[in-house]
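Please look through the sequence and the model below, beginning with the place where the ligand sits and then turning to the nonpolar interior.

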Amino acid sequence: MIYLDNCATTKVYKEAMEAAINAFEVTYANPSSIHKAGFLLRNNFEEARECIKKFLNIKSGEIIFTSCASEANNIIVNSIKDIKKKKILTTAVEHQAMNKPIDNLVVGGFEVIKIHPKDGQITLEDVLENLDDSFGFVSLMHVNNEVGSIIDVENIAREVKKLYPDIIFATDAVQAFGKLRIDLSEGNIDFLSMSGHKVHAPKGIGCLYARDVNLVKPLIYGGEQEFSLRAGTENVPGVLALAEAVKILDKNLEDNYKYVNNLKNKMIESLKELDGVNVHSEGEVYSPYVLSVAFDNIKAEVLVHILEQEEVYISTSSACSSKQKKHMRVLEGYGYSEKEAEETVRISFSEMNTEEEVLKAAELIKKAVKFIRSVKKWWWIKCI
Ligand code: PLP
């Protein structure tokens, strides 16, 4: 199999898997238990939290473990529902896990302004142009999951806080975490969400960063786990596995970035040998991990299904929305027509992919595109 759908989910690192298995088989106590087994595990658990805090260079605030990034995003939005200034600035291209909870606030009297990227980008100027003192909350995704465009959230948060210190600033960093260096030490970002399964840790573990835990309004009440902000027995295997993954990512982040960038460039170079190829995410302002590309007159869905027969896996859009055709919202948010959106596939890389695989996949994609076009031509000739 050639797996090029790494924005949807990733293969778990062996080290992360071993950490999880150990927590299932050996250190399976409840970290809240007062006996020695629980106490020892609590130490490991808190070390894992520290590891993630160190990775993000957190000087103030906490990491709260959740089940996934969707949960973390929902906690963020729940936490701002009682703020006084009921205007929200966000993007038109957020993942549904942020977009939907924000939209739900409209019935509660919020006004939501969504910035549309220009030429794929959202800049500081775009944000400041839309912002004034009546806004209470800004939420900008760090890296878009369908197109890969990067928003410079650290710089934008810094400038926004200089002008409007009371604004609560959040970022969905799911597709940036572990791929771009994130530094939260300046304390301008109030909330950040991330997900384990996008970075070679298992599914079922996510994190919410809160600069000030007093800002957090929980969604799940019950026990006192996670500073009483997220009740429920901790997902110890998930947390320990995530910490192992983070240690590996921390060591290799810059090398991985260069390596994956080369894979993406090789794929683009090869695909451009075809006519009618429109690359949406080329250049430094896009994540090397995501390639969004459209082939004229090819339905992306058909291409995905032809490739799966060769065991090559790419996607039409984000996995969460591909079944509902909701990816149109994001691509149309970028200014693509419905036809262009229907022709768009997402090819997403990880450092586990090899150059050989990428070149082979590129050949198979070109072959499939030529095949679909020839069938369409034949069908058209037959019909006249
Ligand atoms: N935010 C972004 C940008 C994503 O890409 C995803 C998943 O694709 C999510 C949020 C949701 O993540 P999770 O699966 O951990 O809920």
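A residue is taken to be near a molecule if one of its heavy atoms lies within 4 Å of it. The model is a predicted one, in which local features need pLDDT of at least 70, side-chain atom pairs count only at pLDDT 80 or more, and totals for chains, interfaces and linings use all residues. Residues are numbered from 1 along each chain as its sequence is written, and side-chain values use heavy atoms, with hydrogens and water left out.

Around the ligand stand Cys68, Ala69, Ser70, His95, Met141, Asn145, Asp172, Val174, Gln175, Ser195, His197 and Lys198. Polar side-chain atoms of two of these residues approach ligand oxygen atoms, at 2.6 Å for Ser195 and at 2.5 Å for Lys198. Taken alone, the ligand exposes 390 Å², of which the protein buries 93%, the areas coming from the Shrake-Rupley method with a 1.4 Å probe.

Elsewhere, the largest nonpolar core (buried Ala, Val, Leu, Ile, Met, Phe, Trp, Tyr and Cys residues joined through side-chain atoms within 4.5 Å, where buried means under 20% relative accessible area, with a 1.4 Å probe and protein chains only) has 59 residues, and those touching the most other members are Leu56, Phe65, Val127, Leu131, Phe169, Leu192 and Leu242. The helix α8 (a DSSP run of H or I, at least four residues, numbered from the N terminus) gives the most to this core, with 11 residues. Leaving aside neighbours within four places in sequence, Val127 is in contact (heavy atoms within 4.5 Å) with Leu89, Ile115, Ile122, Leu140, Ile156 and Val160.

Note on methods: Polar contact = N/O pair within 3.5 Å; in protein donor to acceptor, adjacent residues only side chain to side chain. Buried < 20%, exposed > 50% of the residue type's maximum accessible area, 1.4 Å probe, protein only. Helix = DSSP H or I, 4+ residues; strand = E, 2+ residues; numbered from the N terminus.
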